[in-house]
Amino acid sequence: MTDPARPLSVRKQDTLRLLENDVDAWVATASPDGTPYLMPLSFLWNGESLLLSTAAGNPTARNLQKNPTLLLTLGHTRDVVHITATTETLRAGDLAELEGDAFAEKAGFDPRPLANYLYFRATPTKIQAWREVNELKDRVLMESGAWLI
C-alpha cells in the first residue's frame with residue numbers, strides 16, 4: 001500500500017535534509033554533441049548552491065565547461081530528488097578557505113592541493129521530489145530558481 005502523499009512543505013523539508021546530510025549524488029551532464037554522461041560526485045550544500053569537484057580531464061568537467069547545465073539526483077527510485085542546475089567553473093583559489101574546508105570534511109577528500117581538479121558551483125533552477133505516483137502531480141518544489149513553497 002502506498003503512503004499518503006506528503007504535503008509540499010514536508011517534501012521541501014525532506015529535500016533540504018538530504019541536501020544537508022547526503023554526501024554523494026548522481027550527476028548527469030551532456031557533451032556538446034548531446035552524449036550523456038552520468039557520474040557520482042560528492043557535494044556540499046550551502047543553502048543556495050551545491051559545490052562539486054572532479055578532475056579537469058573527466059568527462060563531467062569537460063561537459064560542464066562547454067554546457068554548464070546538469071541534472072543532479074539524490075535518494076533512490078522510491079524517494080528521489082531531481083535538481084536541474086546551472087554551473088560556474090571554479091579553481092581551488094576561487095573558494096573561501098572555510099568553504100574548501102567544509103567540502104573536504106564532508107567529502108572525506110580535499111582536492112585543493114591537486115592542480116588537475118576543478119570545482120563547480122551548481123545553482124538550482126528546478127527541484128522536483130517524489131516518492132510514489134501519488135506525489136508526481138505536485139513534484140515541482142522549485143521553478144526558475146525560486147522555491148514554490
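Contact here means heavy atoms within 4.5 Å. The model is a predicted one, and a convenient place to enter it is Phe43. Leaving aside residues up to four places away in sequence, Phe43 touches Leu18, Leu19, Asp22, Val23, Asp24, Ala25, Leu50, Leu51, Leu52, Leu74, Phe103 and Lys106.

Phe43 also belongs to the largest nonpolar core, which has 25 residues. Together with Leu70, Leu72, Leu74 and Ile83, Phe43 is among the residues with the most contacts inside that core. Strand β6, residues 117-130, gives the most to this core, contributing five residues. A second core, of six residues, is separate and includes Leu44, Leu51, Leu90 and Leu95.

Next comes the strand that gives the most to the largest core. Of the 14 residues of β6, 10 are buried, so the strand is mostly covered. β6 pairs with several other strands. With β5 (residues 79-90), β6 runs antiparallel, and 11 bridges join the two. One position in this pairing is Ile83, which stands opposite Ile127 in β6. Ile127 has a bridge partner in β7 as well, namely Met142. β7 covers residues 140-143, and two bridges join this strand to β6, again in the antiparallel sense.

β6 is also joined to β3 (residues 50-55), by six bridges and with the strands antiparallel. Along this pairing, Leu52 has Phe120 of β6 as its bridge partner, and Thr54 has Leu118. Six of the six residues of β3 are buried, so the strand is largely enclosed by the rest of the structure.

β3 pairs with β2 too, in the antiparallel sense and over three bridges. Here the path returns to Phe43, which stands opposite Leu52 in β3. Leu52 is thus a residue with a place in both pairings: it faces Phe43 in one and is the bridge partner of Phe120 in the other. The hairpin of β2 and β3 has four residues between the strands, and in it Gly47 takes a positive phi near 100°.

The helices remain. Helix α1 spans residues 8-21 and has 14 residues. From its first C-alpha to its last, α1 reaches 20 Å, close to the 20 Å expected at 1.5 Å a residue. Which residues of α1 are buried? They are Arg11, Lys12, Asp14, Thr15, Leu18 and Leu19. These residues cover an arc of only 165° around the axis, which puts them on the same side of α1. Two of the buried residues, Leu18 and Leu19, are among those that Phe43 touches.

Helix α2, residues 59-66, has Thr60, Ala61, Asn63 and Leu64 buried. Their directions cover an arc of only 165° around the axis, and therefore they lie on the same side of α2. What covers these buried residues includes strands β1 (24-30), β2 (36-45), β3, β4 (69-76), β5 and β6. At its N-terminal end, α2 is capped by Asn58, with a side-chain oxygen 2.6 Å from the backbone nitrogen of Thr60.

Technical notes: Residues numbered from 1 in each chain as written. Predicted model: local features only at pLDDT ≥ 70, side-chain atom pairs only at ≥ 80, totals over all residues. Heavy atoms only, no water. Core = buried A, V, L, I, M, F, W, Y, C linked by side-chain atoms within 4.5 Å. Buried < 20%, exposed > 50% of the residue type's maximum accessible area, 1.4 Å probe, protein only. Expected span 1.5 Å × (residues − 1). Arc of directions from axis to C-beta. Pairing = 2+ DSSP bridges. Polar contact = N/O pair within 3.5 Å; in protein donor to acceptor, adjacent residues only side chain to side chain.
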